[in-house]
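Welcome, and thanks for opening the viewer. Keep the sequence panel beside the model, and we will walk from one selection to the next.

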Amino acid sequence: MQNVNAINRRAFLRGTLVGGAGLGMAAVIAGCANDPKASGDSLAGTGAQDAGATAAAPSWEVAPDPIAAEDIVVTHDFDVVVVGAGMAGCTTFMRACESGLKAALVEKTDTFNARGMDCAAIGTRIQREAGIEIDKAKVVNDLVVSSGYKVNGDLIKTWADESGRVFDDLTDMMQGMGYTVEVYQSDTANMEGDGVWYRTYPVTHNFGVAELGNGACNQTMVSALVDRGVAAGGEVFYSMPAAQLLTDDAGAVVGVVSKGPDGYVQFNAPKGVVLATGDFAANPDMVEKWAPMLQETANSVYTPKGANAGDHVNMAYWVGGSMQKGAAAAMVHPIMGGGACGTYAFMRVNKDGKRFCNEDAPLPGITNAYMTSPGHVVWTVMDADFASELSQMTLLSQYSGSTSGPFDPTLGYTPEEQMEMCLETGASVTGETLEDLAAAMGVPADNLAAAVARYNELAAKGADEDFGKDAANLFPIARPPFYASQVTAALLTCASGLNVDSSMNVCSAAGEAIPGLYAVGNAAGNFFSNDYPMVCPGISHGRCLTLGYVLGEQLAR
Ligand SMILES: Cc1cc2nc3c(=O)[nH]c(=O)nc-3n(C[C@H](O)[C@H](O)[C@H](O)COP(=O)(O)OP(=O)(O)OC[C@H]3O[C@@H](n4cnc5c(N)ncnc54)[C@H](O)[C@@H]3O)c2cc1C
């Protein structure tokens, strides 16, 4: 066993520095071109992704030979083993330990991993103190509807029912460490928006953002969760990628074998193995099979780069598991490097200089437009009045504030300053005439002129007869200089995974639960489908924390 405390301190410092970039400009600078093959390379050969691959068949379809007993250098006995020290795995580990189980946390990299800052919950003490009341059933229904009814509403209801008490525990923990816990952007939430894509609920909690900032706040919280698990008797094994599951004669999962620095290590876990290995976005074959839209993103800002190779998919399939049936939901945000000016509801055109949609769209509406546009070219077109028009825009759909980055006041720059930054990086271009602007954009000048003329006609009429945008957000493009800002799409995570039931048991394609095998966090499916729903900003973390906590307790019963 490793020296857990020493590793924790060192790993925490490293994690803070490396993973500190959250949403916003820093995240983009840290990002890489979205080549899953390239990003997967950094950890190639360490995990389950290699074990079963052949030239002819994808890795998950061909179970490798079991690792021979003589190749096992050490065997550990635990009640449960949690595979993956992300937010979901660390929470499951912590709560399993505190519920009386002897638990191990087994992680591929040399530290736990966390990022971002938003965590969604309903019915917390912090919300009650702020006088926030939320119609829980309406939220659950909105989340189910936004997936196209392709998720397990029972799992979502568990999040809605349990997140209050879970977050109260986390709030006590973080406040006890001297950090602020608050509900973020509750003033701009829009619970009565017209339709699910135009609503946002005040569910977003920040744990220590005020003191620690984006990224470091969640790393601090996850570090504390690991420490709680260790204090309750758990053991942590870093640099220990899980490679294969162990099953008994009846097919129940009873352990896992990892590939440690000194050879294979066997972890016996008669009460269950929890796969909490994140998503599969760094595995090109899995992306091709289950989430081909990810190939259309501009870059990936996931950290730790390459760790999300879909090892859980291989391991689960080899023992009879399956993938969620609903289409994958990816978290893709229109983040741009060097400042971001392209995502508010100004007119947008494609590479032909033609308008193609209602621009007043939630984040998936913006990034999906990028991913499906010919040549991945989408421009937002504005005139010299963009800053004053921005302040007149009605509340846009779903959290189009700081996550999308455009003219984000929390970045500390005025809209004009952000535009200047975009001009410097090339994310924006400008022209004294529309013809100049078209040349700078590389789109046909006559098409752009026609699109602007039509747009101005609709603005004068006060009705978007072409694409149905709210007239309050139709501003004429008339006063030079003119500006155009590129819209882009950065991949954060793919929030879709294994077919699990309401108990988070991994199931076969026929829906039969595999005894002893569970999945949580992004490794688990049936919680999101089609698109990541911004109706509850931070629900990815909210799910990891809540369902991880609930699963840790459930395993002890
Ligand atoms: C920049 C950024 C900002 C974000 N901000 C937010 C936000 O504000 N709110 C929000 O809700 N969501 C946010 N997200 C998404 C969110 O971070 C993830 O969806 C969520 O944390 C996933 O947690 P997880 O525990 O399921 O997986 P991960 O955090 O991906 O952790 C999986 C862990 O498993 C390990 N692992 C992989 N394979 C193996 C193996 N074979 N053996 C052992 N270990 C293995 C990995 O190394 C990793 O430590 C953000 C994402 C990014 C990239």
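Which helices and strands each supply at least two residues of the shell around the ligand? Before you hunt for them, please keep in mind that this is a predicted model. Now select helix H4 (87-98), strand S19 (490-494) and helix H17 (539-555): these are the elements that each contribute two residues or more. Colour H17 separately, since with 4 residues H17 gives the most to that shell.

**Stop 1: the ligand and its shell**

Next, select the residues around the ligand. There are 36 of them, and Glu107, Asn113, Tyr302, Asp311 and Ser540 come nearest. If you colour the shell by residue type, you will find 18 nonpolar, 13 polar and 5 charged residues.

**Stop 2: polar atoms facing the ligand**

Zoom in on Glu107, where an N or O atom of the side chain sits 2.6 Å from an oxygen atom of the ligand. Then pick Asn113: one of its polar side-chain atoms is 2.8 Å from a ligand oxygen atom. For Lys108, show the backbone, because there the atom to look for is a backbone N or O, 3.0 Å from a nitrogen atom of the ligand. Now switch on the protein surface: of the 1,000 Å² of accessible area that the ligand has on its own, the protein covers 99%.

**Stop 3: Ser322**

Move on to the loop between helix H11 (311-318) and strand S14 (330-333), and select Ser322 within that loop. Is Ser322 buried or exposed? Ser322 counts as buried, because its relative accessibility is 4%, and the cut-off for buried is under 20%.

Which residues does Ser322 touch, leaving aside those up to four places away in sequence? Select Tyr317, Leu498, Asn499, Cys507, Ser508 and Ala509 to see them. Among these, look at Ser508 once more: the side chain of Ser322 reaches the backbone oxygen of Ser508 at 3.3 Å.

**Stop 4: the whole chain**

Finally, zoom out and show the protein chain as a cartoon. How many helices and strands are there? The chain has 17 helices and 21 strands. Colour its 557 residues by burial, and 60% of them count as buried. With the surface on, you are looking at about 19,900 Å² of exposed area, 52% of it supplied by carbon and sulfur atoms. If you draw the contacts with a separation of 6 or more, 77% of them join residues 24 or more positions apart.

Key
Residues are numbered from 1 along each chain as its sequence is written. This is a predicted model: local features need pLDDT of at least 70, side-chain atom pairs count only at pLDDT 80 or more; totals for chains, interfaces and linings use all residues. Side-chain values use heavy atoms; hydrogens and water are left out. Buried means under 20% relative accessible area, exposed over 50%, partly exposed in between (1.4 Å probe, protein chains only). A polar contact is a pair of N or O atoms within 3.5 Å; within protein, one must be able to donate a hydrogen and the other to accept it, and residues adjacent in sequence count only if both atoms are side-chain atoms. Contact means heavy atoms within 4.5 Å. Accessible areas come from the Shrake-Rupley method with a 1.4 Å probe; for residues, only the protein chains shown count as cover. A residue is near a molecule or strand if one of its heavy atoms lies within 4 Å of it. Ala, Val, Leu, Ile, Met, Phe, Trp, Tyr, Cys and Pro count as nonpolar, Asp, Glu, Lys and Arg as charged, and the others, Gly among them, as polar.
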